[in-house]
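User: Could you walk me through this structure, please? I am new to reading these.

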Amino acid sequence: MNKNIAVIKGDGIGPEIVTEAMKVLDKTAEKFGHSFAYEQLLMGGCSIDVNGVPLTDETIEKAKAADAVLMGSIGGNTSTSPWYKLPADKRPEAGLLKLRKSLGLFANLRPAVLYSQLRGACPLKEEISAKGFDMMIMRELTGGLYFGARKTEEVDGVMTAVDTLSYNENEIRRIAVRAFDIAMKRRKKVISVDKANVLDSSRLWRKIVNEVAESYPEVTVEHMLVDNCAMQLVKDPAQFDVILTENMFGDILSDEASMITGSIGMLASASLNETKFGLYEPSGGSAPDIAGQNKANPIATILSAAMMLRYSFDMDKEADAIENAVSAVLNEGYRTGDIMSEGMKLVSCSEMGTLIAERV
Ligand code: NAD
């Protein structure tokens, strides 16, 4: 298969980690008889330096024309970089928000996996971490409280602020369909998280999720209240396969889930639209403190590339091969600085990429 991938290396460690992901993709293409063509695009601080804006319309069009986008990270040191002296809508992050919006990316996928080899980094009690966990959080990204009407005004002499949480059935249905599709590629269990004991939007959410579930008889569906879910994530994370939830709950729960894995350099993410198109990027930022030193952990970006193969290109075997290669390298004791522990072998960003590519 031939695929066109738009590549946004971005700022800070972005170019280093994306280069390693491309190394692994090239090896995968060679092994499985595919060809990946890359078009490199500028976004973030590097685009400000060249074009005066963090994202140009031309870049948006080129990203749209690709089969998927692979991204590193954007932004610099927010205290010292001149990019942060610019008005908010001209800063690096404005480019990413605009790109997500222009591409209609409404579904955010964040896997939280505890690798047995990195169990020591998990902050949970050993009896809980010993069971391991491998979950996928599917968060609605373009609706709900963060996008509803808001105002702050004085009412009868008292300052009052209002935010609106609104979802329509179409917004809920399209993300629920995505979550069930993804569950079919995994352990076939969806836990939909809401606050249906209080919120109307959650009651509609639950109703539509149940309707969608009827089309997926192989998938088990359960509903869980968000407060309970926050507790269950630290009490028994092994119970989760796919967590489906709305924007704000997903924002909070996905950070909680990433925290219990203990290592930001390992966390992949994807944002999808209604087609197979997606933007794939590590969950971490541009890490200006270690940029340019060949020290960053490229695994989150490599695992994001594996997600691109699985979810945008339907290349499940190829994605498995990359994920297994990551596990193999960890089993052999290779570690970048962020996940280093006693007795392990410290490697650079580029060495880690090469080791993984060799094991695909
Ligand atoms: P950060 O995630 O860049 O760094 C936090 C800490 O984690 C740092 O100590 C860093 O060295 C470490 N770290 C992050 N990724 C790592 C990796 N792959 N390997 C090893 N260590 C890693 O967060 P920050 O310092 O708060 O933000 C820095 C910049 O990144 C800011 O400009 C911020 O706006 C931007 N940012 C961008 C994105 C994105 O591009 N999607 C996301 C978050 C933050």
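**The ligand and a helix pair**

A backbone N or O atom of S286 lies 3.1 Å from an oxygen atom of the ligand, in what is a predicted model.

User: How far is an oxygen atom of the ligand from a polar backbone atom of G76?
Analyst: Good place to start! G76 is among the residues that come nearest to the ligand. Here the pair joins an oxygen atom of the ligand and a polar backbone atom of G76, and a polar contact needs N or O atoms within 3.5 Å. For G76 the distance is 2.7 Å.

User: What share of the ligand's accessible area does the protein cover?
Analyst: Let's begin with one more contact: a backbone N or O atom of A287 lies 2.7 Å from an oxygen atom of the ligand. On its own, the ligand has 810 Å² of accessible area. Of that area, the protein covers 68%.

User: Which elements give two or more residues to the shell around the ligand?
Analyst: The shell holds 23 residues, and they divide into ten nonpolar, nine polar and four charged. Two or more of the shell residues come from each of β3 (68–73) and α4 (92–102).

User: Is α6 parallel or oblique to α7?
Analyst: Two packed helices are described by the angle between their axes and the distance between the axes. Helix α6 (residues 169–184) and helix α7 (residues 200–213) have axes 9 Å apart and pack at an angle of about 45 degrees. Because of that angle, α6 counts as oblique to α7.

User: What is the handedness of the crossing of α6 and α7?
Analyst: This is about the same helix pair, α6 and α7, packed at about 45 degrees. Their crossing is right-handed.

How values were computed:
Residues numbered from 1 in each chain as written. Predicted model: local features only at pLDDT ≥ 70, side-chain atom pairs only at ≥ 80, totals over all residues. Heavy atoms only, no water. Near = heavy atom within 4 Å. Polar contact = N/O pair within 3.5 Å; in protein donor to acceptor, adjacent residues only side chain to side chain. Areas by Shrake-Rupley, 256 points an atom, 1.4 Å probe, with all protein chains shown as cover. Helix = DSSP H or I, 4+ residues; strand = E, 2+ residues; numbered from the N terminus. Nonpolar A, V, L, I, M, F, W, Y, C, P; charged D, E, K, R; others polar. Axes fitted to C-alpha atoms, helices over the stretch in contact; angles between N-to-C directions. Parallel < 35°, antiparallel > 145°, perpendicular 65-115°, else oblique. Left-handed = near helix turned anticlockwise from the far one by under 90°.
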